[in-house]
Amino acid sequence: MKKLILITTVIALLLTGCQGTKSATPVSDDIVTLRIANCEEYIDEGGWDADETIKLSDGQRIRGVDSLISDYEKWYREKYGKRVKVLYSTYGTNEDLYNQMTLGNTFDLVCPSEYMIMKLMREKRLEPLSRNFYKRNELYNYYVKGISPYLYKRMHSLTEGGRPLTDYAAGYMWGTLGTVYDPKKVDKADASSFEIYLDPKYKKRITIKDSVRDTYFAGLAIDKEKELAMPSPDYSRLLNDTSARTVSMVEDIITDMRENAYSMETDTAKQDLVTRKVDASLQWSGDGVYSIDQAWEAGRRLCYAVPEEGSNLWFDGWVMLKDGISGSSDRKQAAEAFLNFISRPDSVVRNMYYIGYTSVITGGRDATILDYIKYMYGSDKKNAVEYDISYLFDDKKGSHIIRTDKDQLDRQLYAAYPTEDVLARCAVMKCFSDPANRRISRMWTNVRCYRFPWES
């Protein structure tokens, strides 16, 4: 999941840059082999118990009996009259994937984060999506019919070499970077700023990420606090600053954050929150939802806050690799058909329920995903409050409102579907230039290996 996509395992690699219509044709004896690599535990693998069946208001019953991979293989044969065999493998981080590719592993379809997609675009290693993929009148083009217009625009605004990200990438999951905290131990105002990670009041009661991009982002937001507080700040420019002066300042900030923290971690904070070893943790929103769920089962109430000064909006997306597709129209059709199949509303619901993250697909005219959100977070109590997520679905304010418990305004629903004003102050962290990557790599090495309090 996101924790596995972004964590730093190899510093040198981390910063190296940052459908056809229904066919009546009989099934062919030829099998199209599609090589897919994805992050670990980042797709519905099936095996749901009967009591896990999702029962929506329109009568739909959604349950992952088999994996989405095997369901796709059956669906493709039925709809396209051809057999496809998926060779599915997993990797731990973006850098692991890049390393595998460097060592000669060949894939057709992979799912990295936005900065790695931009790096692969820069290196001209990606196969562009076909024009047909974005045709709304194609029967099985679920992606273009269901992608959130708001999230599509945010993705489309990311460019590399004059080309938008959407020329090559189909979005998958998205979220924010924030703080999970115990409201009995931590003031909401404190949790709503990255400054909490420097606050001596919480010394050794907080955790930060052992992930250079995320921790750099938090330190950068602290460094730019005054500029971010000005009217209409340029979030993208300020929160992508990699100048020598800024990197040096952020190194000092991160060093202080490290000394104030209980630990720098990649996965242990969820359990540390549940067992009360810590009271607050820097988390990706999907892990935040998981932490809140697990803590609730253990009798501890946790909340989620997105820092007021600005935060990170991240995307993961599927891309086709030029070396893998190798000009094969059959493999390209099978790859794009896979993207459409997992964008089908019932597939989206299965994925979100299974892995805990939020899909870029909102469903368009299909109400399945909205019904699922209501199924998960809706309330018919008299004291329920309205929560507006219309901006993700269309431009009509008030068109998609959920009645929910007031408790959800800073818990799971808020973490999974933040309000529009939150995303307005969030920036996507882009693929850095080679000189910037070298600066940040040196900075991170200093923080992790050489800078100690007794030397200051």
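# Reading the salt bridges and buried parts of a predicted chain

Guide: In this predicted model, Asp-44, Asp-66, Asp-71, Lys-74 and Arg-350 are linked in a network of salt bridges.

Visitor: How many salt bridges are there by this rule?

Guide: The count comes to 34 salt bridges. In general, side chains of opposite charge can pair when their charged atoms come close.

Visitor: What makes the pair of Asp-287 and Lys-270 a salt bridge?

Guide: The closest N and O atoms of Asp-287 and Lys-270 are 4.0 Å apart, and the rule asks for a side-chain nitrogen of Lys or Arg within 4 Å of a carboxyl oxygen of Asp or Glu, so the pair is counted as a salt bridge. Asp-287 lies in helix 14 (residues 285-297) and Lys-270 in helix 13 (residues 269-274), so this pair ties together parts that are 17 residues apart in sequence.

Visitor: Why are Asp-287 and Lys-270 called buried or exposed?

Guide: Buried means under 20% relative accessible area; Asp-287 has 1% and therefore counts as buried, and Lys-270, with 11%, is buried as well.

Visitor: What do the side chains of Glu-160 and Arg-122 form where they meet?

Guide: They meet in a salt bridge, with 3.2 Å from N to O. Because Glu-160 belongs to strand 7 (residues 159-160) and Arg-122 to helix 5 (residues 114-122), the pair ties together parts that are 38 residues apart in sequence. Glu-160, at 17% relative accessibility, counts as buried, whereas Arg-122, with a relative accessible area of 33%, is partly exposed.

Visitor: How do you know which of Glu-78 and Lys-79 is buried and which is exposed?

Guide: The side chains of Glu-78 and Lys-79 meet in a salt bridge of 3.3 Å, N to O, and each residue is judged by its own value against the cut-offs of under 20% for buried and over 50% for exposed. Glu-78 has a relative accessible area of 52% and is therefore exposed, while Lys-79 has 16% and therefore counts as buried.

Visitor: Why is helix 17 described as largely enclosed by the rest of the structure?

Guide: Helix 17 covers residues 345-355, and eight of its 11 residues are buried, so the description follows from that count. Among the buried residues are Pro-345, Val-348, Met-352 and Ile-355, and Arg-350 is another of them, the residue named in the network of salt bridges with Asp-44, Asp-66, Asp-71 and Lys-74. Helix 17 is followed by Gly-356, whose phi is positive, near 85°.

Visitor: What makes Pro-149 count as partly exposed?

Guide: Pro-149 has 35% relative accessibility, a value in between the limits of 20% and 50%, and therefore counts as partly exposed. Pro-149 is found in helix 7 (residues 149-156) and, leaving aside its neighbours within four places in sequence, is in contact with Leu-392 and Phe-393. Pro-149 and Ile-361 are 212 residues apart in sequence, and 9.2 Å separates them in space, C-alpha to C-alpha.

Visitor: How do you know whether the radius of gyration of the whole chain agrees with that of a compact globule?

Guide: With 456 residues, a compact globule would have a radius of gyration near 23 Å, and the chain has 22 Å, which agrees. Buried residues make up 59% of the 456 residues, and the chain has 22 helices and 18 strands.

Note on methods:
Residues are numbered from 1 along each chain as its sequence is written. This is a predicted model: local features need pLDDT of at least 70, side-chain atom pairs count only at pLDDT 80 or more; totals for chains, interfaces and linings use all residues. Side-chain values use heavy atoms; hydrogens and water are left out. Helices (H or I, at least four residues) and strands (E, at least two) are DSSP runs, numbered from the N terminus. The radius of gyration is taken over C-alpha atoms; the globule rule is 2.2 Å times the number of residues to the power 0.38. Buried means under 20% relative accessible area, exposed over 50%, partly exposed in between (1.4 Å probe, protein chains only). Contact means heavy atoms within 4.5 Å.
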